[in-house]
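Got your viewer open and ready? Let's walk through this one stop at a time, selecting as we go.

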Amino acid sequence: MLLNSAFLKLNRIPLLWAFSSVLFYISFAYDLVRTDYVKLLMLYSALFFLFYKLVGILKTRLVFLTWLAFIFRAIFVLAIPNLSQDFYRFIWDGRMILEGFNPYLFTVESFTGKGIFPVAQAQELYEGMGKLNASHFTNYPPINQLCFVIAGVFAGKSILGSVIVMRLLIIAADFGTLYFGKKLLEKLNIPVYNIFWYVLNPFIIIELTGNLHFEGVMVFFLVWSLYLLHSGKWKFAAVVLGLSISTKLIPLLFLPLFFKWFMRKNEVSTALNQTNDDEIAFHKKIGKELSLSAQNVGKKWIPAFAGMTNLFVFYIITILTTLLLFAPFYSEAFISNYSKTVALWFQKFEFNASLYYIARYIGYLFRGYNEIAVIGKTIPILVVLFVLIISFFRKNKSTVQLITSMLLVLSFYYFTATTVHPWYIATLLILSVFTNYKFPLVWSFAIILSYLAYMNTNNTENLWMIGLEYLIVYSVFIWEVLLNKKAMKTNP
């Protein structure tokens, strides 16, 4: 009794904040509609403030923070997502596969438009996902589809049951990210509590656990892959990276960045003198592969040929893993449908963009109409050029440098994209915990402004709010990346 009393006395402030967070999360999960923007903004702001204070005061008490991360997620287990309707399509795809259909070959409307209902609760799922989603082919990669199938196996006739199964998978992925993220931070000599800027962030809890977005699964595989790569197990890392790509295609952007990491020409003696055991093991392994004699270790440079060979093998393993996972769905129609669906994100869909909206406005001034068809074709070219510049002209020889480059490349992509849904920011946020950059953390708060679009029945965006969001994000980004010399030195 005395122990409990002492515990409560010592922890009354964090416990009060945690209890308040529980109440706010309950309200968010079970008593909120996305059109109630005032309540949405107030709840989210309160949760973000409490999250920031909890991580700050409990940074040395990782077990406490871990329990909070679990409790906050558990609150959502029985809730139907209230900020996104994508989960209806997830359930549809999983049940379609179990019925023997290839989900990449049929739109939902190709069935419902003919009065055909091939899966349980088909009409309810169709109405839930909306006509826009139902009219297009699915774009979710095979690991995503596997999660949908698992939901169909365990809850083939219950929407809530399917939601619970998918939510448990995402929660498991988040704790996998916590596990490997902590281990990687330890090896990089970065404060371990940094991982809770991701795991305990209300943005992550709400968008992934609450709204069932599978960026969390992709992030888990990505962090696991980076941990393996840093540990010198680059072949296994390539397999896991393939799993990440097969969950969401975004990590494809990172592939060129590995060039400098594999081709690094640090002297072997320098590598062996580093304090990081995994880096030492990696260079020793390369040294053995090259049969370097002990007396020449301090003078010889690692030949570029060995690095190029390893890089080539890494790419082959990653690509083969991805292709093998897509193979069960392969057909000519699949290639056509999938490429058309991906193109929609560049040439048709528009949401929460920044630089693209400026380019669109200029197009209206000079042409009098929306030039998304032209601008959308230019964006991938700009992104590819930026990725190549970062890959070949920036130092990516250490793990932190590699992750920092990933952060910059993905930021450029989202800054130029036509569509930036809130949950996309999850990848930026996880990458940032391994650096000193905080603009993704700021963005994870400011992104709530994008939901103002749902205040009206037409889902029309308020460009003033979008402008405010990006004013905040760009201000912090420019300060940290371009102006703050201290940040540039600590994020080489």
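Below is a short tour, from the whole chain to a few spots inside and on the surface.

**The whole chain.** Before you click on anything, keep in mind that this is a predicted model. Show the protein chain as a cartoon: you should find 26 helices and zero strands. The chain has 492 residues, and 56% of them count as buried. Now think about contacts between residues at least 6 apart in sequence: 76% of these join residues at least 24 apart. Switch on the surface, and you are looking at about 21,900 Å² of accessible area, with 68% of it belonging to carbon and sulfur atoms.

**A stack of rings.** The whole structure holds 51 aromatic pairs. To visit one, select F180 and W224: their ring centres are 5.2 Å apart and the planes sit at 15°, so this pair is stacked. F180 belongs to helix α10 (residues 159–187) and W224 to helix α13 (residues 215–230), so the pair ties together parts that lie 44 residues apart in sequence. Are these two buried or exposed? Both F180 and W224 are buried.

Keep W224 selected and add F221. These two also make a stacked pair, at 6.5 Å from centre to centre and with 20° between the planes. F221 and W224 are three residues apart in helix α13, which puts about one helical turn between them. F221 is buried, just as W224 is.

Now widen the selection to Y179, F180, F220, F221, W224, Y227 and F236, and you have one aromatic cluster on screen.

**Into the core.** Next, select F258 and W443. They have the most contacts inside the largest nonpolar core, a set of 153 residues. Which helix gives the most to this core? That is α13, with 12 residues.

Zoom in on W443 and look past its neighbours within four places in sequence. You'll find W443 in contact with Y414, F415, V420, I425, L428, E469, Y470 and V473.

There is also a second, separate core to pick out: it has five residues, including Y104, F326, F329 and Y338.

**Out to the surface.** For the last stop, select F312, I316, I319, L320, L323 and L324. Together they make a nonpolar surface patch of about 600 Å². Click on L323, which you'll find in helix α18 (residues 304–326). Its relative accessibility is 52%, so L323 counts as exposed.

Methods:
Residues are numbered from 1 along each chain as its sequence is written. This is a predicted model: local features need pLDDT of at least 70, side-chain atom pairs count only at pLDDT 80 or more; totals for chains, interfaces and linings use all residues. Side-chain values use heavy atoms; hydrogens and water are left out. Helices (H or I, at least four residues) and strands (E, at least two) are DSSP runs, numbered from the N terminus. Buried means under 20% relative accessible area, exposed over 50%, partly exposed in between (1.4 Å probe, protein chains only). Contact means heavy atoms within 4.5 Å. Accessible areas come from the Shrake-Rupley method with a 1.4 Å probe; for residues, only the protein chains shown count as cover. Rings of Phe, Tyr and Trp (its six-membered ring) pair if their centres lie within 6.5 Å; planes under 30 degrees apart count as stacked, over 60 as edge-to-face and the rest as tilted. Patches are made of residues with over 30% relative accessible area and no salt bridge: like charges are joined within 9 Å, nonpolar side chains (Val, Leu, Ile, Met, Phe, Trp, Tyr) within 5 Å. A salt bridge is a side-chain nitrogen of Lys or Arg within 4 Å of a carboxyl oxygen of Asp or Glu. A nonpolar core is a set of buried Ala, Val, Leu, Ile, Met, Phe, Trp, Tyr and Cys residues joined through side-chain atoms within 4.5 Å.
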